[in-house]
Amino acid sequence: MKKILLFLIPVLFIGCASMGDFSANANFGESYKAAENSNIKSEYDKYRNITFYDSKNSKGIDPIRLYIGQKEDNKFLRCYIHYSGKDWIFFDKIYLINKENKRFITDVYFYNKNTDVRDGHVYESIDFVIKNDEIEDFLELLNGTSISIRLSGNRNKEYKIKERNVKAMKEIIDFYNQL
């Protein structure tokens with residue numbers, strides 16, 4: 001029995017090591033190859049056959065982030081906005097503005113929003129598609145200075161968008177335009 005185990009362990013180790021790259025994005029195509037050499041990270045959802053692209057500069061604590069979904073030849077630029085705090089905002093409108101007064105405003109519909117209560121905090125978030133005809137306007141806003149966001153509802157919550165976060169969103173738009 002010991003001889004069999006001593007034989008099988010190296011065989012299994014060598015066999016598994018030579019199986020190649022079974023990562024989610026292995027050989028997924030040109031988009032993945034382009035992402036390998038940039039600040040873009042990708043994740044493949046094999047169940048839905050969708051690849052998601054996000055900036056390596058995005059952080060979970062950012063109140064807003066952009067990411068891309070790509071299914072076959074279809075691509076979509078998505079915007080994720082979230083709030084957490086002690087009080088509900090019940091935001092139904094989102095304002096983005098820069099110092100040069102360029103604005104991006106969108107309504108939020110309740111059925112598209114996620115809400116939750118955990119550990120004494122409330123959470124509100126929305127994930128929506130930025131339409132192709134809005135992308136250039138959004139990029140113009142990001143190219144300005146001192147960008148802020150307001151989540152507006154029963155209360156207002158405002159955030160100044162960090163430069164790292166702005167850079168991450170610009171990287172995503174640039175990568176989206178290259179796909």
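## A tour of two sheets, two helices and a pocket

Start with the open sheet of 4 strands, which has the order β6-β5-β9-β10 and antiparallel pairing. Its edge strands are β6 and β10 (156–160), each of which pairs on one side only. Going from one strand to the next, the twist averages 10°. Keep in mind as you click around that this is a predicted model.

If you're new to sheets, here's the basic idea: strands pair through backbone hydrogen bonds, either parallel or antiparallel.

**Stop 1: inside the 4-stranded sheet**

Select β5 (93–97) and then β9 (residues 148–152). Between β5 and β9 there are 5 bridges, and the two strands run antiparallel. Now pick leucine 96: which residue in β9 is its bridge partner? Look for isoleucine 149.

Stay on isoleucine 149, and look across to β10, where its bridge partner is tyrosine 159. So far you've stepped from leucine 96 to isoleucine 149 and on to tyrosine 159.

Next, show β9 and β10 together. They run antiparallel and are joined by 5 bridges. Two more pairs to click here: leucine 151 has lysine 157 in β10 as its bridge partner, and serine 152 stands opposite asparagine 156 in β10. How many residues make the hairpin link from β9 to β10? The hairpin goes through 3 residues.

**Stop 2: the 6-stranded sheet**

Move over to the other open sheet, whose 6 strands come in the order β1-β2-β3-β4-β8-β7, again with antiparallel pairing. At the edges you'll find β1 (40–45) and β7, each with a single partner strand, so one side of each has no neighbour in the sheet. Here the twist averages 25° from one strand to the next.

Two helices pack on this sheet. Select α3 first: α3 touches β3, β4 (74–85) and β8, and its direction makes about 115° with that of β8. Then select α4, which touches β1, β2, β3 and β4, with its direction at about 20° to that of β3.

**Stop 3: the β7–β8 hairpin**

Zoom in on β7 (residues 113–118) and β8, which run antiparallel and are joined by 6 bridges. Click valine 117 and you'll see valine 122 of β8 opposite. Try aspartate 116 too: tyrosine 123 in β8 stands opposite that one. The hairpin leaves 2 residues between the strands, and aspartate 119 in the turn has a positive phi of about 50°.

**Stop 4: helix α3, seen from the other side**

Select residues 132–142, which make up helix α3. You met α3 packing on the 6-stranded sheet, but α3 also lies across β5 and β6, running at about 130° to β6.

**Stop 5: the largest pocket**

Now for some empty space. The largest pocket holds about 160 Å³. To light up its lining, select Phe104, Thr106, Asp107, Val108, Tyr109, Asn112, Ile126, Phe128, Val129, Lys131 and Glu134. Which strands each supply at least two residues of that lining? Color β6 (103–107) and β8 (121–130) to see them. By class, the lining has 6 nonpolar, 2 polar and 3 charged residues.

**Stop 6: a salt bridge to finish**

A search of the whole structure turns up 10 salt bridges. Show the side chains of arginine 164 and aspartate 62 for one of them: their closest N and O atoms are 2.8 Å apart. Arginine 164 sits in helix α4 (residues 163–178) and aspartate 62 in the loop between β2 (50–55) and β3 (64–71), so this pair ties together parts that lie 102 residues apart in sequence.

Methods
Residues are numbered from 1 along each chain as its sequence is written. This is a predicted model: local features need pLDDT of at least 70, side-chain atom pairs count only at pLDDT 80 or more; totals for chains, interfaces and linings use all residues. Side-chain values use heavy atoms; hydrogens and water are left out. On a 1 Å grid over the protein atoms alone, a cavity is a set of points where a 1.4 Å probe fits but cannot get out, and a pocket is an open set with protein on both sides within 12 Å along at least five of seven lines; lining residues have an atom within 4 Å of a point. Grid points are joined across faces, edges and corners, and a volume is the space filled by probe spheres set on the points. Ala, Val, Leu, Ile, Met, Phe, Trp, Tyr, Cys and Pro count as nonpolar, Asp, Glu, Lys and Arg as charged, and the others, Gly among them, as polar. Two strands pair if DSSP finds at least two bridges between them. Axes are lines fitted to C-alpha atoms, for helices over the stretch in contact, and angles run from 0 to 180 degrees between N-to-C directions. Contact means heavy atoms within 4.5 Å. A salt bridge is a side-chain nitrogen of Lys or Arg within 4 Å of a carboxyl oxygen of Asp or Glu.
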